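Let's walk through this structure together, from its overall layout to the spaces inside. Keep the 3D view open as you read.

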Amino acid sequence: MPHLHLDTFNTIPFPAVEGEVSFDFSAISRGEGKESLIATRYKDRDFFILHKKSGEKDLLKSDKITRPSPNFLVKHALLAYANHSGSTIISSNVDTAGENVHLKQHDALKSVDFFATDFPSASEVRLEVGFGSARHLLHQAITNPDILFIGLEIHKPSIEQALKQITIKNLANIMILDYDARLFLEFVPSNSLSRIYVHFPVPWDKKPHRRVIGDAFVEEAIRALKPQGRLELRTDSENYYRFALETYSHPPQVTFEVHKNRDIAITSKYEDRWKKMEKNIYDVTLINDMQSPEKRLEGEFIFSQIPINDAILPKIERQTYRREWGFLNAEASFDIHDGGWMIRLAMGSFDRPEHLYLIVKNGQARYFPTVPVRSSTNLKAHILLDELLHG
Ligand SMILES: C[S@@+](CC[C@H](N)C(=O)[O-])C[C@H]1O[C@@H](n2cnc3c(N)ncnc32)[C@H](O)[C@@H]1O
């Protein structure tokens, strides 16, 4: 991660501008281990530069939660701050090279916001959950150039590998997302997917609640699938196969197909391994029989206009509020240099919490750097936060 070690750290008057970078305000953490965050804007991206003492030296780096990608933005902003403040750099891992066009975000790599704001339309869309080596995903995309494939993975090296292959094979019909499949389906419009592949998911025999397939996932899958759309599980685990059969039998109306040791056009790394060990392979496919109503998420990330009393901060800082749908945690608090305060928040679902900041100035609240992803749990966490702030 890019960082600078400074001889002395000089503060600056806000707001300030250095070339194309602007610095809006700074906020200092309350309590132990003082660190300050400098609100920075560069190329339309808002993020924090973090300053803290590291032994005798002063360290300047980007804040983890708001860190923009590519790294070039952070490097440039760090150097701009050092320059503007007249701070002397002792050592750094920051080069002064300009933006590397080859390191620009890969077109196929999408953020969840992309899907949450405007789900892509194509005549046929298929989803693969946990694509791993991406052999199956790539094979499907190559053999079906008119179908759009969305690949979900939570393992970053697998994502990087898949992106490389997409470039090498020049594929324009794959979108990749680093996101938990159990939460993704809620962003999918009803009746829009023709297939969902779940091939060789982690069996989680000791912690079945962590399995991708579960009642909530199947319910959302049925809603997201077109009539006659298919949820295809392929597994070597007899436990998972039985569990899936049982889970698929809970909805009131579906059809299923079961196959044992059926060959498919492409085998994954896992499948090769299990076949060598002469393990059985099970396919359990759920076929959706219904047209589902459109899903409506009510609510916006807007705070009530009633002024927030500063006395609320000591009551909510470092508190965690657990609910059956998820949680809200005010992890740390900060004082803003010219009045007002800020909280570092974790909120939303337990499986994929959102991390961001809440700024309260002149009695009004706003999120930084952007509002949370528009998911049902984030909207619930927002309502809870608004209620707490107006206590
Ligand atoms: C056993 S591997 C199988 C990979 C690939 N489907 C294959 O057949 O070779 C399971 C994959 O699912 C991914 N995974 C696990 N839980 C996930 C989740 N909740 N959402 C998305 N991917 C997940 C893991 O990172 C892993 O790459």
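The paragraphs below take up the domains, then the ligand site, then the enclosed cavities.

A word on what you are looking at: this is a predicted model. The chain is divided into three stretches by the domain assignment: domain 1 covers 3-95, domain 2 covers 109-288 and domain 3 covers 310-389. If you take the centres over C-alpha atoms, domain 1 and domain 2 lie 41 Å apart.

Now turn to the ligand. Its surroundings consist of 14 residues, and the closest of these are Gly130, Glu153, Ala181, His199 and Ser268. Sorted by class, that shell holds 7 nonpolar, 5 polar and 2 charged residues.

Three polar contacts are worth finding on screen. The side chain of Glu153 places an N or O atom 2.5 Å from an oxygen atom of the ligand. At Ser268, an N or O atom of the side chain is 2.9 Å from a ligand oxygen atom. His199 takes part through its backbone instead: a polar backbone atom there is 2.8 Å from a nitrogen atom of the ligand. As for how much of the ligand is covered, on its own it has 600 Å² of accessible area, and the protein covers 88% of that. The space that the ligand takes up is the second largest pocket.

Next, look for space that is closed off from the outside. How many cavities of 30 Å³ or more are there? The count comes to 2.

The largest cavity holds about 60 Å³ of space. Which domains supply its lining? Domain 2 (109-288) and domain 3 (310-389) each contribute at least three residues. To locate this cavity, select Tyr179, Leu183, Glu186, Ser349, Arg352, Glu354, Val373, Ser375, Thr377 and Asn378, which line it. By class, this lining divides into 3 nonpolar, 4 polar and 3 charged residues.

The second largest cavity has about 40 Å³ of space. Its lining is made up of Ile316, Tyr321, Leu328, Ala330, Leu345, Leu385 and Leu388. With those residues selected, you can set this cavity beside the largest one, where charged residues such as Glu186, Arg352 and Glu354 belong to the lining.

How values were computed: Residues are numbered from 1 along each chain as its sequence is written. This is a predicted model: local features need pLDDT of at least 70, side-chain atom pairs count only at pLDDT 80 or more; totals for chains, interfaces and linings use all residues. Side-chain values use heavy atoms; hydrogens and water are left out. A residue is near a molecule or strand if one of its heavy atoms lies within 4 Å of it. A polar contact is a pair of N or O atoms within 3.5 Å; within protein, one must be able to donate a hydrogen and the other to accept it, and residues adjacent in sequence count only if both atoms are side-chain atoms. Accessible areas come from the Shrake-Rupley method with a 1.4 Å probe; for residues, only the protein chains shown count as cover. On a 1 Å grid over the protein atoms alone, a cavity is a set of points where a 1.4 Å probe fits but cannot get out, and a pocket is an open set with protein on both sides within 12 Å along at least five of seven lines; lining residues have an atom within 4 Å of a point. A molecule sits in a cavity or pocket if more than half of its atoms lie within 2 Å of its grid points. Domain bounds come from an automatic or database domain assignment. Grid points are joined across faces, edges and corners, and a volume is the space filled by probe spheres set on the points.
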